[in-house]
Amino acid sequence: MRLVIARCSVDYAGRLTAHLPLAPRLILVKADNSVSVHADDRAYKPLNWMSPPCTLKESEGEEGGTVWTVINKAGEKLIITMEEVLHDSSHELGVDPGLIKDGVEAHLQELLADRMETLGEGWSLIRREYPTAIGPVDILGRDSDGGTVAVEIKRRGEIDGVEQLTRYLELLNRDPHLAPVQGLFAAQEIKPQARTLATDRGIRCVTLDYDALRGVEDDKLRLF
């Protein structure tokens, strides 16, 4: 990534025209050659930009300074005329690993598998990612009576998740070593429609408390 801070003016020519008068601005050039022009406000949103694929050509201005001409495949142009460059640096960032969200389904599954007693006293784990012909069940466990339970885990429980668990149950109940298999739909939030459908199909619903699974104390005031 290249970061340039410069006193510049910016002109866009394409489906319409736009002009930014001379002022200090931050210009970002990313590895894909996309260019964005930023002011010292507006959070992440640029004043103007050119999305890839595009090409960038640097030249000397008629009255001195530097001119960047950025052209995309549609022929639109972003022309940045720099009167004074205050900073110019390049940094190799490499491939970004992407955003890892706290509380994703895989983490919820791991936590719940380690704390099966959350679902009821005497519950135990048979296996995580129990295989079926249409994909793995998140958790296969046993309840306090020794019955087999298939647990489907979602961050947000919706109708699609109930349908998915229903299909798993149909397959699991064909196995005489497991049947009868009950269903449990677990999520941090369960939509009313999903809860209604699950109840109609004899599937138990459980709302998961992520902080409680992690062993994080609730910092809210308690009366007792």
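**Strands, pockets and two residues in a predicted model**

Me: Which residue in β11 is the bridge partner of Ile153?

Reply: The model is predicted, with local features needing pLDDT of at least 70 and side-chain atom pairs pLDDT 80 or more, whereas totals for chains, interfaces and linings use all residues. Residues are numbered from 1 along each chain as its sequence is written, and side-chain values rest on heavy atoms, with hydrogens and water left out. Strand β10, residues 148-157, and strand β11, residues 181-190, pair in the parallel sense over nine bridges (a strand being a DSSP run of E with at least two residues, and pairing requiring at least two DSSP bridges). Within β11, the residue that bridges to Ile153 is Ala186.

Me: Which strands stand at the edges of the open sheet of five strands, and why is one side of each left without a neighbour?

Reply: The order of this sheet is β8-β9-β10-β11-β12, and its pairing is mixed. Each edge strand has a single partner strand, so one side is left without a neighbour in the sheet, and the two strands in that position are β8 (124-130) and β12 (204-207).

Me: Which strands are the edge strands of the open sheet of seven strands?

Reply: The seven strands follow the order β4-β3-β2-β1-β7-β6-β5, with antiparallel pairing. At one edge, β4 is joined by three bridges to strand β3, residues 35-38, and the two run antiparallel. Pairing on one side only marks the edge strands, which are β4 and β5 (54-60).

Me: Which residue in β4 does Val35 stand opposite?

Reply: Strand β3 covers residues 35-38 and is connected to β4 through three bridges in the antiparallel sense. The residue of β4 that stands opposite Val35 is Met50.

Me: What volume does the largest pocket have?

Reply: A pocket is an open set of 1 Å grid points where a 1.4 Å probe fits, with protein on both sides within 12 Å along at least five of seven lines, and lining residues have an atom within 4 Å of a point. The largest pocket, by the space that probe spheres fill, has a volume of about 220 Å³. Of its 14 lining residues, the closest to the centre are Tyr12, Asn48, Trp49, Met50 and Glu76, while β2 (17-29) and β4 (48-50) are the elements giving two or more residues to the lining. The volume asked for is therefore about 220 Å³.

Me: Is Asn72 buried or exposed?

Reply: Asn72 has its place in strand β6, residues 66-72, and its side chain makes a polar contact of 2.6 Å (N or O atoms within 3.5 Å, one able to donate a hydrogen and the other to accept it) with the side chain of Glu76. Buried means under 20% relative accessible area with a 1.4 Å probe, exposed over 50%, and partly exposed in between. Because its relative accessibility is 14%, Asn72 counts as buried.

Me: What relative accessible area does Glu92 have?

Reply: Glu92 lies in the loop between β7 (77-90) and α1 (105-114), helices being DSSP runs of at least four residues. Along with Met1, Lys30, Ala31, His91, Leu93 and Gly94, Glu92 lines the second largest pocket, in which about 160 Å³ of space lies. A polar atom of the Glu92 side chain lies 3.4 Å from the backbone nitrogen of Gly94, and the C-alpha atoms of Glu92 and Arg2, 90 residues apart along the chain, are separated by 8.7 Å. Glu92 is exposed, and its relative accessible area is 75%.
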